[in-house]
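Please open the model in a viewer and keep the selection tool at hand. The stops below are given in the order in which they are best visited.

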Amino acid sequence: MGAELINQLLLQGPDGADAKGLWPRIAACPRAPRTAGFTLLELLVVMVIIGLLAGFVAPRYFSQVGKSQVKAAKAQVDALDKAIEQFRLDMNRLPTNEEGLAALNVAPANEPNWAGPYLKKDVPKDPWGHPYVYLEPGTHNNDFDLMSYGKDGQPGGTGENADIGNW
């Protein structure tokens, strides 16, 4: 008799009238099984594994970024070196220290042999944002030195901080 009373209450509204709305729908609603989805513990284990993998991969990735900046600096030094040599062929001299690398894009005063610009764009900065250093005469058994002081922007150093030059 208790079950019949419960069913009768569920099929009737709170005022005892026949309910065609909410009460029958609540009674007929099936429950979802509790086995679907992931537990908090499973999600935490996955996050720890992803964190460990990132810890192993990130240092290798960032060391490659440093190596690629060094390679880019070497390529830029080589391109600037060739532009300076072209300037020398046209002008029968090297740019002075006062003219610097700007002479590759802007004609020095009273120079009819200048056939530049020798670069397609302005003189670039090194990959670390420092200007390239041009010295004439050179100090490394060259007619001129062209160098980047590396990541730290200071003479000397090792690794990414090492000087990169045309010698």
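Two residues are in contact when heavy atoms lie within 4.5 Å. A residue is called buried under 20% relative accessible area, exposed over 50%, and partly exposed in between, with a 1.4 Å probe and protein chains only. Helices (H or I, at least four residues) and strands (E, at least two) are DSSP runs numbered from the N terminus.

The model is predicted: local features need pLDDT of at least 70 and side-chain atom pairs count only at pLDDT 80 or more, whereas totals for chains, interfaces and linings use all residues. Residues are numbered from 1 along each chain as its sequence is written, and side-chain values use heavy atoms, with hydrogens and water left out.

**The whole chain**

Begin with a cartoon view of the protein. There are three helices and three strands, and from the N terminus on the elements run α-α-α-β-β-β. Of the 167 residues, 22% are buried. Among contacts with a separation of 6 or more, 37% are between residues 24 or more positions apart. Switch to a surface view: the protein exposes about 12,100 Å², of which carbon and sulfur atoms supply 61%. Accessible areas come from the Shrake-Rupley method with a 1.4 Å probe, and for residues only the protein chains shown count as cover.

**Helix 3**

Select residues 40-91, which form helix 3. Does the distance between the helix ends agree or disagree with the expected span? The expected span is 1.5 Å times one less than the number of residues. For the 52 residues of helix 3 that gives 76 Å, and the end C-alpha atoms are 74 Å apart, which agrees.

Next, centre on V57, where helix 3 bends by about 25 degrees; a proline, P59, follows within four residues. The bend is the angle between axes fitted to the seven residues ending at a position and the seven starting there.

Keep V57 selected and add V48, L52, F56, Y61, F62 and V65: together these residues make a nonpolar surface patch of about 760 Å². Patches consist of residues with over 30% relative accessible area and no salt bridge; like charges are joined within 9 Å, and nonpolar side chains (Val, Leu, Ile, Met, Phe, Trp, Tyr) within 5 Å.

Now select the buried residues of helix 3: G66, V70, A73, V77, L80, D81, A83, I84, F87 and M91. Which strands help to cover them? The cover includes strand 1 (133-135), strand 2 (145-148) and strand 3 (164-165).

**Salt bridges**

Side chains of opposite charge can pair when their charged atoms come close. A salt bridge here is a side-chain nitrogen of Lys or Arg within 4 Å of a carboxyl oxygen of Asp or Glu, and the count comes to six.

- Select D78 and K82, whose closest N and O atoms are 2.9 Å apart. The two are four residues apart in helix 3, and are therefore separated by about one helical turn. D78 is partly exposed at 38% relative accessibility, whereas K82 is exposed at 53%.
- Move to E99 and R93, whose side chains meet at 3.0 Å, N to O. E99 is partly exposed at 24%, and R93 is partly exposed at 22%.
- Select K151 and E160, which form a salt bridge at 3.7 Å, N to O. K151 is partly exposed at 46%, and E160 is partly exposed at 27%.
- Finally, select E85, R88 and D143, which are linked in a network of salt bridges.

**Loops and backbone**

Go to N92, just after helix 3, in the loop between helix 3 and strand 1. Its phi is positive, about 60 degrees, although N92 is not a glycine. N92 counts as exposed at 67% relative accessibility.

N110 lies in the loop between helix 3 and strand 1. Its phi is positive, about 55 degrees, although N110 is not a glycine, and N110 is exposed with a relative accessible area of 76%.

Then select G116, which also lies in the loop between helix 3 and strand 1 and is partly exposed at 23%. G116 and N105 are eleven residues apart in sequence and 6.3 Å apart in space, C-alpha to C-alpha.

End at P137, in the loop between strand 1 and strand 2. Is the peptide bond from E136 to P137 cis or trans? That bond is cis, with omega near 5 degrees.
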